[in-house]
Amino acid sequence: MPALLPTSGSSAPPQVAARKARTGYLLLLPGMGWLAVFFAIPFITLIITSLQVPTGASGVYAPGFDIANYGEAISQYGDLYVRSFIYAGLATVFALLIAYPLAYFIAFRGGQWKGLLLVLVIAPTFASFLLRTYAWRTILADEGPVTGFFDALGVLPEGRILSTSIAVVAGLTYNFLPFMILPLFAALDKVDHRLIEASNDLYASPVTTFRKVVWPLSLPGVVAGTLLTFIPASGDYINAQLLGSITTRMIGSAIQVNFIQFRDYPIASALSVILMFVILIVVSIYIRRSGTEDLV
Amino acid sequence: MPDKRVVEDLHLRDLSKRFGDFVAVDDLTLTIPAGSFFALLGPSGCGKTTTLRMVAGLEDPTDGSIVIGDRDVTGLRAFKRPVNTVFQSYALFPHLDIFENVAFGLRRRGIKNVKPTVEAMLELVELTPMARRKPKQLSGGQQQRVAVARALINEPDVLLLDEPLGALDLKLRRQMQIELKRIQTEVGTTFVHVTHDQEEAMTMADTVAVMNEGRIEQMGEPSEIYELPTTVFVARFLGQSNLFAGKRAGSGADSVKVAAHGQEFGIPNSRNSAPGADIIVGVRPEKMTIVDAGDPIPDGHDRISGRVVDVSYTGVSTQYLIAAPWGEEISVFEQNTVVGDRSLVGDSVDVHWAPDHAFGLDGTGIAPSAVESEPVSGN
């Protein structure tokens, strides 16, 4: 039966090719529809809101084209952007350092336990994000053993962990770790062990084999994992709120406060739009620089 | 292009590899002369690949040693051995282009100016225009040549080839066999080639070792072991053989007589490897001739009467299956030198051969039924 069907588009009669193309578009429809309703429309609304002008009444704004909202957002919250990206960047680096050896172990040494180990990686996400972050308050509490231990070592400048940037970065690292591990595992699991043998055979020591073969082949996973960590981490405010203090607030907190408490929708929207564009630019430069296009 | 250099013999001494209870390689002792093209031939699971991997350093032997020249390399890690491998899957680095794949070994050894060497090597394997392509963009045959170039450029003392042609189609495989042979002659490195394809082994190698269950059954020049196998396994695995189990019925000055199935067959003493009374008579299918039943045959030839049960025409030759009176199916190949003169299924015929072409195998402890099933072809 398969032999009777055309195997490529070029040999198919025109009506078959047309039908195939139509099937492709039909399959795209649900996804496109979803994106239109839940991304495109809200995004346009967001941009429109970010340009509205105040009417004097609290929480009521008139349509307009007030670019000044953006200027205000940047001048007022510029340092929060910087802090957000530093925290998110640090959390991404730490998550990568923790996740890579773990994913490497699961992929190369996991054997029959691979499935179970992966479930264990995901298991914490069965509990709510908020709950897990609250748990970190207990773990890092001032009187807790963790703080006591590091304080005894004299490595804590403020004598505590909770309410410092250390706690926020630790929380971010922890919360987004599974999103780093999973793509890394997927990439490492695909690395053909025979390539490692070939590299050994060609005078590469285990360390060189890692640098020249395993690491480059795992780059797609590194890129995916760092993006999946960095992007949500830079917009996150739960960790900053629950584990940090007023001096560790991130841009997510500012957006939340402006939307919910100040009801300053134009500023909150402008902050969101700026965040999106900065992330977009950072990510495109990152992907371009890491040059992984022809690996995937 | 690498010059011919002094290369050294490879010695395997009492080499064994056990995986739990399974003995993959069983006390193997072997010297592979420098500069030879050596084939390890055997069915899958016979231990040939394990042997190769131990030489490469990718597998640790349970016992024994591997010596190149007078240097014991048994304890050396793979990346420190003067040995390179052409892998069955080629194992080309997908993230590097062809040039960098070939240069990989040189760069790892800290050689600075790799360009001329790599270019010369790419020329040797005729891939110069492909230097900047990625492995994925090459055909199977081209990838295979990259794998050879990547290994050979390091001028190893021994080049190991693990079924390197297995993934290629028949025509390309023939072409690559000639190509590899040419390259080997040109560079003079010792090639150790693992294969299950007996024709490939015979075409390419100076010396063939037939392996079975972790041991070497027989070793020698291809023509030598084909013409005169010394075990049932070799007689069967390297080409086809018709085997008749019998008993020694008389010994002359030059030949022995073997009684089997109520008949007597002669074997020259020089071609009989059976020491005792149980002898298996072997005759290669192409050494046999078919005549109509009762027709005269040359003096001194041995004869079996039978009935044609199958005829397959293969172009160069016609292959017949003839049922002997005792039920065994005898395989006979006849060159198609005459147009239209073929026996048909159901014909009664006589098969005859010169006893000088028969060989004798030790039949001690081997049940006749074990050798007289229908002839098994070795691929």
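**View 1. The contact between chain B and chain A.** In this predicted model, 15 residues of chain B meet 16 residues of chain A. On the chain B side, two elements each supply at least two residues: strand 6 (83-86) and helix 2 (98-108). Helix 2 of chain B gives the largest share of that side, three residues. By class, the side of chain B that touches chain A holds eight nonpolar, five polar and two charged residues.

**View 2. The two domains of chain B.** The domain assignment splits chain B into domain 1 (10-225) and domain 2 (228-371). Their C-alpha centres are 38 Å apart. Where they touch, eight residues of domain 1 of chain B are in contact with nine residues of domain 2 of chain B. Three elements give two or more residues to the domain 1 side: strand 9 (207-212), strand 10 (215-220) and helix 7 (222-227) of chain B. That side of domain 1 of chain B is made up of three nonpolar, three polar and two charged residues.

**View 3. A hairpin in chain B.** Strand 12 (residues 255-260) and strand 13 (residues 263-268) of chain B run antiparallel. Six bridges join the two strands. A259(B) faces its partner across the pair, standing opposite E264(B) in strand 13 of chain B. Two residues lie between the strands of this hairpin. Here H261(B) takes a positive phi, near 55°.

**View 4. Helix 10 of chain A and its packing.** Helix 10 of chain A covers residues 251-261. Its buried residues are I251(A), G252(A), S253(A), A254(A), I255(A) and N258(A). What do the buried residues of helix 10 of chain A pack against? Their partners are four helices of chain A: helix 2 (68-109), helix 8 (206-235), helix 9 (238-243) and helix 11 (265-290). After helix 10 of chain A comes R263(A), whose phi is positive, near 50°.

**View 5. Confidence along chain A, and its first ten residues.** Chain A averages a pLDDT of 89. Of its residues, 94% score at least 70. Residues 1-10 of chain A are another matter: pLDDT stays under 50 over this stretch. The model has five contacts beyond four places in sequence for residues 1-10 of chain A. Where pLDDT is low, predicted coordinates should not be read in detail.

Methods
Residues are numbered from 1 along each chain as its sequence is written. Chains are lettered from A and ligands numbered from 1 in the order in which they are written. This is a predicted model: local features need pLDDT of at least 70, side-chain atom pairs count only at pLDDT 80 or more; totals for chains, interfaces and linings use all residues. Domain bounds come from an automatic or database domain assignment. Two residues are in contact if their C-beta atoms, placed from the backbone, lie within 7 Å. Ala, Val, Leu, Ile, Met, Phe, Trp, Tyr, Cys and Pro count as nonpolar, Asp, Glu, Lys and Arg as charged, and the others, Gly among them, as polar. A residue is buried if 20 or more other C-beta atoms lie within 10 Å of its own, exposed if 12 or fewer, and partly exposed in between; C-beta atoms are placed from the backbone. pLDDT is the predictor's confidence in each residue, from 0 to 100. Two strands pair if DSSP finds at least two bridges between them.
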